[in-house]
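Subject: Structure handover

Hi,

Here is the structure we talked about. Please look it over; my notes on its domains and cavities follow.

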Amino acid sequence: MSTSKAERHRADVLVSCLHGRCAELIPALEEEIERRGLAGEVEVVEAGCRGLCSMGPVLLIQPEGLFYTNVQPTDVPELVEETLVKGRFVERLAYKEPVTHEAVCHYEDIPFYSKQVRHVMHDCGMINPESIDEYIAVGGYQALGKALTSMTPGEIIDEVKKSGLRGRGGAGFSTGRKWESTRRAGDGIRYVVANGDEGDPGAFMNRSLMEGDPHAILEGMVIGAYAIGAHQGYIYVRDEYPLAVKNLGIAIEQAREYGLLGEDILGSEFDFDVKIVRGAGAFVCGESSALMQSVEGKVGEPRPKHFHATERGLWDQPTALNNVETWANVPLIINNGADWFASTGTEGSTGTKTFCLVGQIENTGLIEVPMGITLHEIVYDIGGGIPGDREFKAVQTGGPSGGCIPASLLDLPVDYDSLTEAGSMMGSGGMIVMDDHTCMVDIARYFLDFLKEESCGKCTPCREGIRRMLEILTRITEGQGEMADLDRLEALAQTVKSASLCGLGKSAPNPVLSTLRYFRDEYVAHIEDHKCPAGVCKALIEYYIDEEKCIGCGLCRRKCPQEAISGEKKEPHTIDRELCIRCGICHDVCKFDAVGVK
């Protein structure tokens, strides 16, 4: 917090994870604090993401570091009375350790964070994202001052190259080399672009960073622009992120007001400004050339890579395009040095990476971990394992175009090269955990269905190849496949991978190739045995009620949308196979494990 605020307030209540829920919480806190006469002593701030998304809204009370989860407006009077007035902890609102169920009072003691290394996300949730003063108070814009006053553009590029920073948007290309190529590409106009178009299902790393620490992105962009000789930058944000657009807009205006954007920045005679471009939401606009087409006001579709963007990018001018997380790493490197940055991670993948940990996992949310950490550490030490003590089956990394990594590779280090060798990729940071109730054939079908809708259709291999693969997968999940389909799938996948125009098309076959590689037995079971081992594919399963376990509570009968279940109270029920649509609701609601799948 800024010095003036620290002197004025004895406590700050930092509220996070309000997306789509509890809009009344902050007003309730402010009203109760005002009612108790604490308005001059306590400040309420809506801060950025803290990562524990499944337990939001969460509160961090500083300077004590007390942490509360699942806070509701009805909890406010007790919370204010006990903590802000009497200085006592409200244990029922504490984080509970998943195994021991013990309450953890302080934020720093929560096991979820024990193996995380929060560098990029360090200030998210700790400062008010709408206040440039608070960003400056925690060291913000010091790197920019250092770069403009004591470093040459070449020295900045050398430092970034030495750090080993690779693009956090998926491709993993050397950031320093990209900047160097852009600077060397002629003496004309150059641009820098921040890619905040996050289209992967279940991914929100970039959104959280843009909402929670927008000045870090701006500072990195100004340093990068100075290094390559650019005077105009663009931040491309998907239209579904209104809070990110709002906070970035506020940050840009504040930076201009403070002389950190615009003309003659910090008296250095260097001019640079930034504009926000709102994307229309197309998944393919995450691809670099499609994104630049969209920035130019054209249809967002990829173009042939006859030239690198560093030579002919935006408006055919040299352009350095990086993911927003990549830009936010730049001030850390300039402030702390390349050696400091490279000391975290592995030799080929330095630094940290943010991931969205979702799916069948106890602790869903946003995490930041050192490169090289194993999947096992992420799933079990940070994620808390699989709910209901179920068996871990696979994890998909890299979004819908990523691959599915099996349990046998749980000790795989998470870095660019290891994931690629395993048939997956880093992507922008999506990570979906699956348990033994997941059908891997259906998973491949699901992601291809998504990619079919999101393909721009410009090139035939992607447009037609994905559709044909999806048709084959659909037949297999419906029990109509044949063994020759597996060879067809592999041949189609290799063709799409090698012949598609852009990186999104080239990576689209990954879900198919990785599941065929690691879970081929499930494909064979669907085709030869007409069975879905996971009990997912509707055409290959049948629900039944175990008479010995059913107590006749009637819950399944009342919840069935087809009225396919009948039976008297306290008597075993039965399912009419003709009426059953295999929705699985009966199985999900039964408290006695009486509904089975065969």
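Which residues lie nearest the centre of the second largest cavity? They are Cys-560, Cys-580, Ile-581, Cys-583 and Cys-586, out of 14 residues that line the second largest cavity. Bear in mind that this is a predicted model.

The second largest cavity holds about 100 Å³ of space. Its lining is made up of 11 nonpolar, 2 polar and 1 charged residues.

Now the wider layout. The domain assignment splits the protein into domain 1 (3-99), domain 2 (132-342), domain 3 (352-435), domain 4 (440-528) and domain 5 (542-597). The centres of domain 4 and domain 5, taken over C-alpha atoms, are 35 Å apart.

On cavities overall: there are 3 of 30 Å³ or more. The largest has a volume of about 150 Å³. Its lining counts 17 residues, and Ser-455, Cys-462, Cys-502, Leu-504 and Gly-505 are the closest to its centre. Three helices each give two or more residues to this lining: H16 (440-454), H17 (460-477) and H19 (503-507). By class, the lining of the largest cavity has 12 nonpolar, 3 polar and 2 charged residues.

Where does the largest cavity sit relative to the domains? It lies between domain 2 (132-342) and domain 4 (440-528), because both give residues to its lining.

Best wishes

Notes: Residues numbered from 1 in each chain as written. Predicted model: local features only at pLDDT ≥ 70, side-chain atom pairs only at ≥ 80, totals over all residues. Heavy atoms only, no water. Domains from an automatic or database assignment. 1 Å grid on protein atoms, 1.4 Å probe; cavity = no way out; pocket = protein on both sides within 12 Å on 5 of 7 lines; lining within 4 Å. Points joined across faces, edges and corners; volume = space filled by probe spheres on them. Helix = DSSP H or I, 4+ residues; strand = E, 2+ residues; numbered from the N terminus. Nonpolar A, V, L, I, M, F, W, Y, C, P; charged D, E, K, R; others polar.
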